[in-house]
Amino acid sequence: MNTAGNILHGIGSVRAIVIIALCFGLISAKLANAQASIPAAPEPLPPKGPGWPPAVRDNTVFAHVLFDQLEGRASSSGTLFRWDGQGWVGTDMNRLWLKSEGFAGDGTVSDGDQEALYDRPIPHMRYFDAQAGVRADLDSGPTRVWAAVGVEGLAPYFFNFEPTFYIRDGGHMAGRISGSWDLFITQRWVVQPQAELNFYSKDDPARQIGSGFSDIDTGVRLRYVLTRKFNPYIGWAYDGKYGGSARYTRQSKEATSNSSFVFGFRVWY
Amino acid sequence: MSTNGRKSHRPNISISRRHFVQGMASAGVLAAFGGNCLPALSESAEQKPTELSGTHFELTLDTLPVNFTGRDSVATAVNGSSPGPTLRWREGDTITIAVTNRLKESSSIHWHGMRIPTEMDGVPGLSYRGIAPGETFVYRFPVLQSGTYWYHSHAQFQEQTGLLGALVIEPRDPYPVEFDREYVVLLSDWTDANPESIFSNLKQESDYYNYHRHTVANFIGEAKDKGAGSTLKERMAWARMNMSPNDIADVSGAAYTYLLNGNAPRANWTGLYRPGERVRLRFINGSSMTFFDVRIPGLAMTVVQADGNDVEPVVVDEFRMGVAETYDVIVQPTANDAYTIFAQAEDRTGFARGTLTPKLGLAAAVPAMDPRPRRTMMDMGMGSMAGMKMGGMKGMDTSGTQVMDMSGMNGRKMGVASMTSGGSTMPAMSDDAHRAMPGMQMSNGAGLTPFPQPGLKTKPIAEPRAGAEEVKLTPSKPLKMRVGPQVAAVPMTVSSRLNDPGDGLENNGRRVLTYADLRARYRGVDSRPPTREIELHLTGNMQRFIWGFNGQKFSSAEPIELKLGERIRIVLINDSMMEHPIHLHGLWSELENGHGAFNPYKHTIIVKPAERVSYLVSADTPGRWAYHCHLLYHMHAGMFRTVVVS
């Protein structure tokens, strides 16, 4: 094989080629060598220089915040401001996830739930992430801090599903299931049914929470995709307390359920 | 910008072509001096990139105010125009290109499809560090091939912002198919949006740019045609997997304006011809994310070249161009009439358009776009024809090596035959290149590399002790893919789809080019059978917008190691629901489409959903070569590997 290059160098003239061509029948095997041949002696590749960037940066950090609910809720008992949003920062495989929701009105904040979770896709699952971190009930009531473990993702049929389990001092346990689904009427008109349910293992009278199924917040919103990131909407929402939580709420002379007209924006960036 | 204006020696170059070449003083150049007060490229006024020829080039990369859409925006430009000037080289010449970066960020130029030393390949992180702001990098390499190619930045998202241009390399020998006039038709997708925002948006909402989702409204329309029951059943089948048959392009006309030689459809790029002339159109898909379906209503197109390599002429009405592919076609309009060059995006959200006309001002009707393609169960690899496809696949599996053995034998015979016909002339290319570039020619005493491009006078490379021992093929271990965060689907069956023109082009009443139609005009130079098979799955998760090979992104994968001189078979299996144009730098990809020794040489190969494609690669050039999906955002999402040849 090494001879190939030598032959090429050695020939180096038209005449030689012509001669070879004329008697090709005799020396056809050599003839094939008259062109390039298979390189045999690998030369060591010069190393990458210092400060070379990666060829592609596929582990970039991204950050997004989505407020599914940023709305006024008008009911017979007055108008409240409601927010429910989530944001994340991180790479494909490692993210810090922040969640916040609550009601504000009449100078008080209620149902204030703030969470900070580490998030990672679950191996062998296509669309679900595991999340673990802390939840802080921060509002006008007494503060509670929980450890949180949950999953969040896309169940079949594009159903957003987000169950979370919480535990805190004193053996208190809690569970939350929330879900939503986007029904596209047209490319720009979307109906979104949504629900969030809360469960507690023990009473917490200071926060008007009774054990068992505690409360539900559900609604249907009709939004218009003005731009992908800005969707004004109107809708109907219902929030109701049950069992022990309803009892505590009644004791403080508050309504155990509200049916309200909602209006607001779904925004993300 | 200096060029040593070398006169073209080619006999069939027409005066009109030269007129075209010189008459293209672009307003973009003026704008470079005029600053912000001059809109460089307006929405309606037609602009054409300039053309530079010679052996020495000076290119300057800088920002440029542009207006493609009616809104002012900023492009990354070459010599004050976007797309940049067309560079015209000549096979056998040694080219120097001094590229000065006046951008605020690091930049690069990659010569797409060029077989050049790895350090000249222009990939930051593999070839070099990139070109830092204010720095000048001098590329210098021998041109050992001919054909239509293109260049673009390989840094950040500068390709999307317009840092690209056409590359035309004149062959040393006469063109095998004559023509009277030629035009470059460079297609691209322009967006006023920041590409980094596009990428970020896709990470949060992968169907952000898709305004053709399933809706109640289109359900009603579809139910009228197909019945509510079957429509619902079909939609449920897709929704169960959280996938959409409407996922054709990740970035659509919602963000893109499609350009032809830098002209929006309304600006209507125009090429002149005299009736009866043979016009060579050098189509280049220089877009970031868009597949184009190209046709010229009223004109048949004769495809004569694909990815810079001559093919046996095929007459078609339409062809699909994957991102980064090139096709040269010859048309011969005889009527004294205008024709529309119509390049619709695969997802039918827009089109690029130009006009061929015998006199300025004349334009032809612009056709309506075709119905939007939809993914089928075939794309998912779970069609009802599974049995049939299995059969096809089995055939491919077993016959693959046999085909190669045969071609190897034929190769030797043909090498002799071609020698008799062209034997009295020198092997012009290699010898000349050798003389021109004593320092850079990578001769290592064992022979010349890279192997020459197949041509009329190209002879096959030498074989090590021909026929002495049987070459054993080490097959790749079939990978058992499993679904996970980075793999949303694993098709039950994969098939060869080389005869399939692609989603949305089947049975449209037109002659549409398929990969099976591509037969190389010249015999391949390396007739050795492959000794090794490398199987790679194209994987991704659309919802998460993660893409990779074998379920791994670039950052978590090891390079693919090839031994210098070895010949391998790459088997690509597309596990995803989208086409991927896979581009291997530095080495040819010889598509195994059943033409044996005449399998076409390509640099970019489309792999359709649930398709299995194989091609042969001669690892004849040492280097660190980029190997990636040429959909820009797929590449940045991780669909990239390094191929090390050493």
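This passage walks through the main features of a predicted model, from a sheet in chain B to a few unusual backbone positions.

A good place to start is the open sheet of chain B, in which six strands follow the order β11-β10-β13-β18-β15-β16, with mixed pairing. Strands β11 (257-260) and β16 (309-316) of chain B stand at its edges; each has a single partner strand, so one side of each is left without a neighbour in the sheet. On average, and ignoring direction, neighbouring strands here are turned by 25° against each other. Within the sheet, β10 (residues 181-190) and β13 (residues 279-285) of chain B run parallel and are joined by seven bridges. Tyr183(B), for instance, stands opposite Leu281(B) in β13(B).

Strand β10(B) also matters for the next feature, the largest nonpolar core, which has 155 residues. The residues with the most contacts inside this core are Leu167(B), Val185(B), Leu187(B), Val303(B), Val329(B), Ala343(B) and Leu572(B). Its largest share, six residues, comes from β10(B). Leaving aside residues up to four places away in sequence, Leu187(B) touches a set of residues including Tyr258(B), Leu260(B), Ile284(B), Phe292(B), Ala343(B) and Ala352(B). Another core, of nine residues, lies apart from the largest one, and among its members are Trp88(A), Ala148(A), Tyr200(A) and Ile209(A).

Chain A has four helices and 13 strands. Of its 269 residues, 32% are buried. Among contacts in chain A between residues at least 6 apart in sequence, 43% join residues at least 24 apart.

Helix α5 of chain B (residues 228-240) offers a simple check with a ruler. At 1.5 Å a residue, its 13 residues should span 18 Å, and the end C-alpha atoms are indeed 18 Å apart, which agrees. After α5(B) comes Asn242(B), with a positive phi near 55°.

Positive phi values turn up in loops as well. In the loop between β3 and β4 of chain B, Asn79(B) has a phi near 50°, although this residue is not a glycine. Asn79(B) counts as buried because 23 C-beta neighbours lie inside 10 Å, and the cut-off is 20 or more. That loop of chain B, between β3 (73-78) and β4 (86-90), also holds Pro83(B), which is joined to Ser82(B) by a cis peptide bond with omega about 0°. In chain A, His124(A) is found in the loop between β4 (108-121) and β5 (128-137), and its phi is positive at about 65°. His124(A) is exposed, because 11 other C-beta atoms lie within 10 Å and the limit is 12 or fewer.

Notes:
Residues are numbered from 1 along each chain as its sequence is written. Chains are lettered from A and ligands numbered from 1 in the order in which they are written. This is a predicted model: local features need pLDDT of at least 70, side-chain atom pairs count only at pLDDT 80 or more; totals for chains, interfaces and linings use all residues. Two strands pair if DSSP finds at least two bridges between them. Helices (H or I, at least four residues) and strands (E, at least two) are DSSP runs, numbered from the N terminus. Axes are lines fitted to C-alpha atoms, for helices over the stretch in contact, and angles run from 0 to 180 degrees between N-to-C directions. A nonpolar core is a set of buried Ala, Val, Leu, Ile, Met, Phe, Trp, Tyr and Cys residues joined through C-beta atoms within 7 Å. Two residues are in contact if their C-beta atoms, placed from the backbone, lie within 7 Å. The expected span of a helix is 1.5 Å times one less than its number of residues.
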